[in-house]
Amino acid sequence: MKHTKGTAGRMAGRCLALALSAVMVLSAAGCGGKGGSQPSGQTESGRTGLGQTQAAASDSGKIVNIGVTSSLNTLNPLLMDGVEMNKYATGLMFLPLVELDQNMEFEGMLADSVTAEDERNFLVHIDDKAVWSDGTPVTADDVVYTALRLCSPVIGNPAMMYYVFEGVGDDGFVEEGADHVEGIARVDDKTVRFTTKAPMSLITFNSSYARYLMPLPKHVIGDISEKALASDPWFSHPDVVSGPYKVTEFDRDHYVSYEANKDYWKGAPVIERLNIKIVEGSQLYAGLKSGEIDITQNTMSTIPLEDYESVAALENVEVSYGAPITNQSVFINTDRITDAKVRQAMLYAVDRSQLLEQLLKGNGEVADGFLSSASPYFDSSLVPVSYDPEKAKSLLAESGWDQSKSIRFCIDSGDSTFVNAASVIAAQWAAVGIKADIQTMDINTLMSTASSGDFDVLAVQYTYPPVDPYADVAWLLGGEGSWTGYTRPEVEEALSNVALTNDKDKLKELYGIVDRKVQEDVPMFSAYIIRTMAAANKRLTGVKPSVYGFLNHVEQWDVTQ
């Protein structure tokens, strides 16, 4: 899926790899979830299950079990993509340069500062206290080495989008074995300068690059060939790390087990053993009730909506709700449904408040455009279009819509909540004169259908990063080749200016222009935006589930026995 409208357009197109990964991770939010099918408390080959591990806590120290429903693809920072589960599980060993905190502000993790010299040059300074677990200082050489391996043509990671930096090819790769490029340069032992080919905001640099760059110890793995780096077993049991934990066991379909890095430079973790247990969403309630699962997180752990009341009633846990960031987006192919009046009618015909109250039990919100109230750029003055079937009928009449025509409405079969919602939407469309043929398909087929453009309307859960939604929005409104096929000069101009500013008030104004035009022309609309539940055992201290920043200070977690 190519997109060729300048650097911003290329970035949006390449960001699709990240976006699709995020879509697949979150496509189960609000429904049953996906993950290993193994019963809770069991693992393969007779290994100790989490239930037994939990019971043995008094013999082996403090243990915490995190229950997740997201799949895990890798623990190798060089194979990192946009799947948050991969990033968080790997980041326990190899700290990213920065991470978002609970307030969606960028917090230094391995770096203590990231600053913009100008609109193309960014200085990353590694914390002077940062050391590897063997006592060796973390240096600029580790950062440069890792960045260049991320754009190695031999390793072939397509998701990291390093083509934006000077000296990196437009395909995102450098020459095999490259040890330096102009755009990723060592300044001194603790400082690296990143230079982009075109202007970029500091927000985008932090969000798209600094959050996903997890430096590796060059002094330990620097002699491993680039070809071997992609599959070397060292990454499953690394003996030198910069983060609070080291992996002891790893089964990508079922669990990751960690032990504390007692030499962690930010302080030895209080929790001696940490386990990530990959389960079905339907297993979370039982695990929380029994204590086999101590905590869940809002985006990696999908508690089914039908279990919300039961989980909230448990005496041993406290529940919380994350910010509304998971958008049940309905994309309209404007190359097929060309009249904006028809698309407006489709929006007026849907009672979104009913969907929110009846299907999500009020755990979310209705908004127009891409941004939810979780975003610092959200414009609360943009009032969502109200349910008005008579207005819908009038618009269809004005457009001359052929009521005998049937539109192809493609949805994710794995999202049981929206499967129900789609039936309601189709009935409401039918009531105003729009026939819809609902076609359910698995998420991979749905993504293939989206790429081919072989749909009239397509719905999928999509998370637009609240702090930096630029790449996703620019892609989705990128005209020919994008899912919507939609573009408009005012939108293009606003998005081109988004890429150049860090001013939150200005960004709010620019995104407001985009969302108002989207409300007016309806290349997409949000059926609802989900606030997901998370739960934590009351024996835990120093931690509360959050959409972002969940693991930033995991070394401070503790349990009361």
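Leaving aside its neighbours within four places in sequence, with which residues is T248 in contact?

**Figure 1. Surroundings of T248 in strand 8 of the predicted model.** T248 lies in strand 8, which covers residues 245-251, and, once its neighbours within four places in sequence are set aside, T248 is in contact with H237, S257, Y258, E259 and R273. The relative accessibility of T248 is 24%, and T248 therefore counts as partly exposed, since that class begins where the buried class, under 20%, ends. A260 is 12 residues away from T248 in sequence, and the C-alpha atoms of T248 and A260 are 10.0 Å apart in space.

**Figure 2. Overview of the protein and of the confidence in its prediction.** The protein has 561 residues, of which 60% are buried, and its secondary structure comes to 18 helices and 21 strands. Among the contacts with a separation of 6 or more, 72% are between residues 24 or more positions apart in the sequence. The mean pLDDT of the protein is 89, and 89% of the residues reach 70 or more. Over residues 1-59, however, the pLDDT is below 50, although this stretch has 159 contacts in the model beyond near neighbours in sequence. The details of that stretch are not taken up in the views that follow.

**Figure 3. The open sheet formed by strands in the order 4-5-7-6.** This sheet is made of 4 strands, and their pairing is antiparallel. Strand 4 and strand 6 (184-188) stand at the edges, and because each has a single partner strand, one side of each is left without a neighbour in the sheet. From one strand to the next, the twist averages 20°. Helix 5, spanning residues 140-150, packs on the sheet and touches strand 5, strand 6 and strand 7, with its direction at about 175° to that of strand 6.

**Figure 4. Strand 5 and its two pairings, with strand 4 and with strand 7.** Strand 5 (residues 121-126) is mostly covered, for 5 of its 6 residues are buried. With strand 4 (residues 111-116), strand 5 pairs in the antiparallel sense over 5 bridges, and a hairpin of 4 residues joins strand 4 to strand 5. Two of the bridge partners can be traced in this view: T115 is matched with L123 in strand 5, and A116 is matched with F122 in strand 5. Strand 5 is also joined by 5 bridges to strand 7 (residues 191-195), again in an antiparallel arrangement, and here N121 stands opposite T195 in strand 7.

**Figure 5. Helix 6 lying across strand 4, strand 5 and strand 7.** Helix 6, made up of residues 202-210, runs at about 140° to strand 4. Of the 9 residues of helix 6, 8 are buried, so this helix is largely enclosed by the rest of the structure. The buried residues of helix 6 are I203, T204, F205, N206, S207, S208, Y209 and A210.

**Figure 6. The packing of helix 12 against helix 14.** The axes of helix 12 (residues 352-359) and helix 14 (residues 416-432) come within 11 Å and cross at roughly 150°, and the crossing of helix 12 and helix 14 is right-handed. On the side of helix 12, the residues that take part are Q354, L355 and L359, and these meet T417, N420, A421, V424, I425 and Q428 in helix 14.

**Figure 7. Strand 18 with its partners strand 13 and strand 14.** Strand 18 (residues 524-530) is largely enclosed by the rest of the structure, because 7 of its 7 residues are buried. Strand 13 (residues 326-332) is joined to strand 18 by 6 bridges and runs antiparallel to strand 18, with V330 standing opposite F525 in strand 18. Strand 14 (residues 364-365) also pairs with strand 18 in the antiparallel sense, over 2 bridges, and the partner of E365 in strand 18 is I529.

**Figure 8. Two buried cysteines, C151 and C410.** The relative accessibility of C151 is 0%, and C151 therefore counts as buried, since the class takes in values under 20%. C410 likewise has a relative accessible area of 0% and is buried. The structure holds 0 disulfides.

Key. Residues numbered from 1 in each chain as written. Predicted model: local features only at pLDDT ≥ 70, side-chain atom pairs only at ≥ 80, totals over all residues. Heavy atoms only, no water. Disulfide = S-S within 2.5 Å. Buried < 20%, exposed > 50% of the residue type's maximum accessible area, 1.4 Å probe, protein only. pLDDT = per-residue confidence, 0-100. Contact = heavy atoms within 4.5 Å. Pairing = 2+ DSSP bridges. Axes fitted to C-alpha atoms, helices over the stretch in contact; angles between N-to-C directions. Left-handed = near helix turned anticlockwise from the far one by under 90°.
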